[in-house]
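Biologist: I'm new to this one. Can you pull it up and walk me through it?

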Amino acid sequence: MMKTYLSIIRNCKVAQRWSFSHATRCALSPSPSFSSKWNCKMLMVRRMGTDIPTEDRTYYITTPIFYVNAAPHIGHLYSAVTADYLHRYKLLQGFNSRFATGTDEHGLKIQQAADAAGQDPLSFCTKVSEGFKHLFESFHISYTDYIRTTEERHRCAVEHFWTVLQSKGFIYKGSYEGWYSTQDESFLTPSQVGDAKDSSGKEIKISLESGHKVEWMKEENYMFRLSEFRSRLQEWLEGNPRAVQPERFHHAVLQWLQEDLPDLSVSRQRSRLQWGIPVPGDLDQTIYVWLDALVNYLTVAGYPDTHSQWWSAAHHVVGKDILKFHAIYWPAFLLAADLPLPQTIHVHSHWTVGGKKMSKSLGNVVDPLERSQRFTTDGMRYFLLRQGVPDTDCNYDDDKVVKLLNAELTDSLGGLINRCTAPSLNPAQVYPHFCTDSFPSQRTKAHEGRAVDEDYHMLDAVHALPAVVEQHYESVHVYKALEAINGCVRQTNGFVQRHTPWKLDRGDGRDQLWLDTILHVSLECLRMYGTLLQPIVPEIADKLLSRLGVKPEERSWAALDFLVKYQGKDCPFEGRALGPDTGVLFNRLERPNAEKGKPKKAKKATKVKS
Ligand code: ME8
């Protein structure tokens with residue numbers, strides 16, 4: 001336990017702001033009494049989230065802005081849900097947080113998609129952009145800003161940014177000759193290109209990274225002096241080992257920087273690309289769609305007039321496919337414009353279906369709205385964040401969704417709240433009293449109470465949980481945070497199961513006190529789980545906390561004071577009426593195929609054993 005604590009303190013960026021020596025002293029103090037050890041832990045938990053100077057309490061998180069050439073799928077939703085949990089988590093910690101998402105609407109790819117649909121580009125973009133917005137609203141993606149690159153405010157920001165780069169001498173007129181992938185809107189060096197055959201057997205050239213077709217192009221256009229930034233980019237990455245996370249992507253970027261870094265073409269001839277922002281002062285050229293798109297992050301922050309507060313706190317969530325654009329081109333543009341670099345680039349891997357990349361031609365695209373009809377929006381959010389691993393690709397599978405949600409939300413968490421709030425065990429429908437004699441806080445006196453060793457271990461684990469969750473939320477290892485919460489839920493279920501409160505004699509005073517204590521401890525555990533789960537499953541967490549009677553203003557990170565009665569303090573919840581029973585926490589899901597053929601029965605969550 002001591003080792004875990006020290007590693008949490010070392011690893012947690014926020015915790016580093018707190019006096020390390022104090023935490024070390026607490027953790028190292030020889031055989032502290034249970035209550036004093038707890039006081040140290042509680043102090044740490046509270047401090048981690050809330051004792052940060054106000055000027056550092058600004059947080060700005062972004063998703064990529066999505067191309068409007070096709071409807072959104074679970075991959076897009078995954079990026080949005082990742083940024084959404086970070087935003088919600090920072091708000092719970094009292095940060096002033098801003099969260100931007102939106103759509104990337106310019107470029108050749110969109111121009112061609114609109115042509116193919118027989119629509120004018122703007123109407124085409126508006127329709128698909130509304131589709132993304134609708135998806136995000138359905139999934140309670142709590143963005144504060146939705147940006148479209150066809151907006152006027154964005155055009156102004158891009159024109160200004162271009163003018164700054166040009167006035168500083170980083171843009172020059174030149175000629176580009178090389179490979180271009182319209183699907184990726186990307187220029188490629190010869191080493192990034194390979195041979196392949198298209199569906200008709202014709203020899204073609206493709207991007208080795210994305211597999212998309214590339215074409216040779218030769219054009220007069222504007223070039224950006226990217227080659228001048230290699231050493232500054234290396235210094236940035238070496239001096240900020242957590243700038244690109246997870247680590248393997250940080251290494252990948254450093255590796256790319258060892259390779260050829262030619263100047264970058266940042267415009268296309270207007271005759272070929274009309275759908276974009278014209279180069280200021282040269283109407284024959286259109287600004288390269290990636291330069292246009294990346295500036296969206298600044299536009300939202302208020303560039304060029306009022307961006308400094310938000311821009312200095314920028315964090316990006318991106319898929320691994322667009323790492324090069326975010327970790328090389330974007331920082332180089334920012335360095336050229338004398339602007340601060342993003343604090344963190346959180347990279348995630350991809351969702352595959354049947355082990356393959358989702359694509360229309362393979363017919364394996366998963367529609368999140370359709371799935372939410374079956375699994376609910378919170379169910380899908382939970383699944384994606386519980387199952388997604390930043391380092392490696394993850395396979396989506398309906399059967400896996402059903403198994404995971406039934407096990408963790410219906411049975412484990414739903415079963416626990418069901419048990420502890422059932423009128424048969426809790427007829428007064430209150431947060432019952434905690435009795436110190438039944439559960440002495442001095443472990444030495446444990447033999448005088450009813451609690452056993454495993455109960456003390458369970459309390460220890462739940463006490464440590466906010467710090468563990470915080471560490472994993474910060475590093476975007478959400479699955480580890482959810483694994484830890486789930487482990488504690490299992491322990492709490494074990495605690496209830498072990499003491500079979502339904503067998504206690506309510507006519508006996510001591511038994512009644514112990515029954516109340518079991519329920520009080522379990523509800524306190526549930527309050528912790530509900531509070532910690534708010535960023536992940538906002539609706540389920542709200543239902544849980546409302547059932548416990550926890551008011552909205554009692555749901556912040558600072559309220560993660562676990563079982564204060566154990567520390568001899570007054571508990572604000574004790575004796576309080578529970579909230580109304582609004583039904584099971586999460587309805588059991590039918591398995592897609594396995595249930596076929598069986599007579600249909602409406603299944604509900606596990607009912608309380610009483
Ligand atoms: O690249 N799994 O837009 P885009 C996980 N407009 N995430 C996925 C995914 C998958 N299978 N497929 C897509 C663009 N994504 C540019 C971005 S930003 C200034 C401009 C997510 O519509 C992931 O975040 O192709 C990926 O990076 C992004 O969608 C690409 O979206």
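Modeller: What follows is a quick tour by question and answer.

Modeller: Keep in mind that this is a predicted model.

Biologist: Fine. Let's start with the sheet of four strands. What is its strand order?

Modeller: The order is 5-4-8-10. The sheet is open, and its pairing is antiparallel.

Biologist: Which strands sit at the edges?

Modeller: Strand 5 (186-188) and strand 10 (264-265). Each of them pairs on one side only.

Biologist: How many bridges link strand 4 and strand 5?

Modeller: Three bridges, in the antiparallel sense. Strand 4 covers residues 171-181. As an example of a bridge, Tyr180 is partnered with Phe187 in strand 5.

Biologist: Which strands does helix 13 lie across?

Modeller: Helix 13, residues 323-336, lies across strand 5, strand 8 (215-224) and strand 10. Its direction is about 100° from that of strand 5.

Biologist: Now the inside. Which residues touch the most other members of the largest nonpolar core?

Modeller: Phe161, Phe224, Phe333 and Tyr529. That core has 176 residues. Helix 19 (residues 509-533) gives the most to this core, with twelve residues.

Biologist: Take Phe161. What does Phe161 touch beyond four places away in sequence?

Modeller: Its contacts include Leu291, Val295, Leu298, Tyr303, Trp330 and Phe333. Leu334, Ala337 and Leu339 are also among them.

Biologist: Switch to helix 9. How does its span agree with what a helix should give?

Modeller: Helix 9 has twelve residues, 247-258. At 1.5 Å a residue they should span 16 Å. The end C-alpha atoms are 17 Å apart, which agrees.

Biologist: And which residues of helix 9 are buried?

Modeller: Phe249, His250, Val253, Leu254 and Leu257. These buried residues cover an arc of only 145° around the axis, so they lie on the same side of helix 9.

Biologist: Why would residues three or four places apart point the same way?

Modeller: An α-helix has 3.6 residues a turn, so residues with that spacing point the same way.

Biologist: What covers the buried residues of helix 9?

Modeller: The cover includes helix 8 (230-239), strand 9 (244-245), helix 13 and strand 15 (344-348).

Biologist: Next, backbone oddities. Where are the cis peptide bonds you have for me?

Modeller: One runs from Gln245 to Pro246, with omega near -5°. Pro246 lies in the loop between strand 9 and helix 9. Another runs from Tyr303 to Pro304, with omega near 5°. Pro304 is in the loop between helix 11 (296-301) and helix 12 (308-311).

Biologist: What about Asp338: what is its phi?

Modeller: Positive, about 60°, although Asp338 is not a glycine. Asp338 sits in the loop between helix 13 and strand 15.

Biologist: Is Asp338 buried or exposed?

Modeller: Exposed, because its relative accessibility is 59% and the cut-off for exposed is over 50%.

Biologist: And Leu563, buried or exposed?

Modeller: Buried, with a relative accessible area of 0%. Leu563 also has a positive phi, about 50°, and is not a glycine. Leu563 is in the segment after helix 20.

Biologist: Last one. Where is Leu589?

Modeller: Leu589 lies in the segment after helix 20 (538-548). Leu589 is buried, at 12% relative accessible area.

Biologist: Which residues does Leu589 contact beyond its neighbours within four places in sequence?

Modeller: Arg374, Phe375, Val402, Leu405 and Asn406. Leu589 and Arg374 are 215 residues apart along the chain, yet their C-alpha atoms are separated by 8.0 Å.

Notes: Residues are numbered from 1 along each chain as its sequence is written. This is a predicted model: local features need pLDDT of at least 70, side-chain atom pairs count only at pLDDT 80 or more; totals for chains, interfaces and linings use all residues. Side-chain values use heavy atoms; hydrogens and water are left out. Helices (H or I, at least four residues) and strands (E, at least two) are DSSP runs, numbered from the N terminus. Buried means under 20% relative accessible area, exposed over 50%, partly exposed in between (1.4 Å probe, protein chains only). Contact means heavy atoms within 4.5 Å. Two strands pair if DSSP finds at least two bridges between them. Axes are lines fitted to C-alpha atoms, for helices over the stretch in contact, and angles run from 0 to 180 degrees between N-to-C directions. A nonpolar core is a set of buried Ala, Val, Leu, Ile, Met, Phe, Trp, Tyr and Cys residues joined through side-chain atoms within 4.5 Å. The expected span of a helix is 1.5 Å times one less than its number of residues. The arc is that of the directions from the helix axis to the C-beta atoms.
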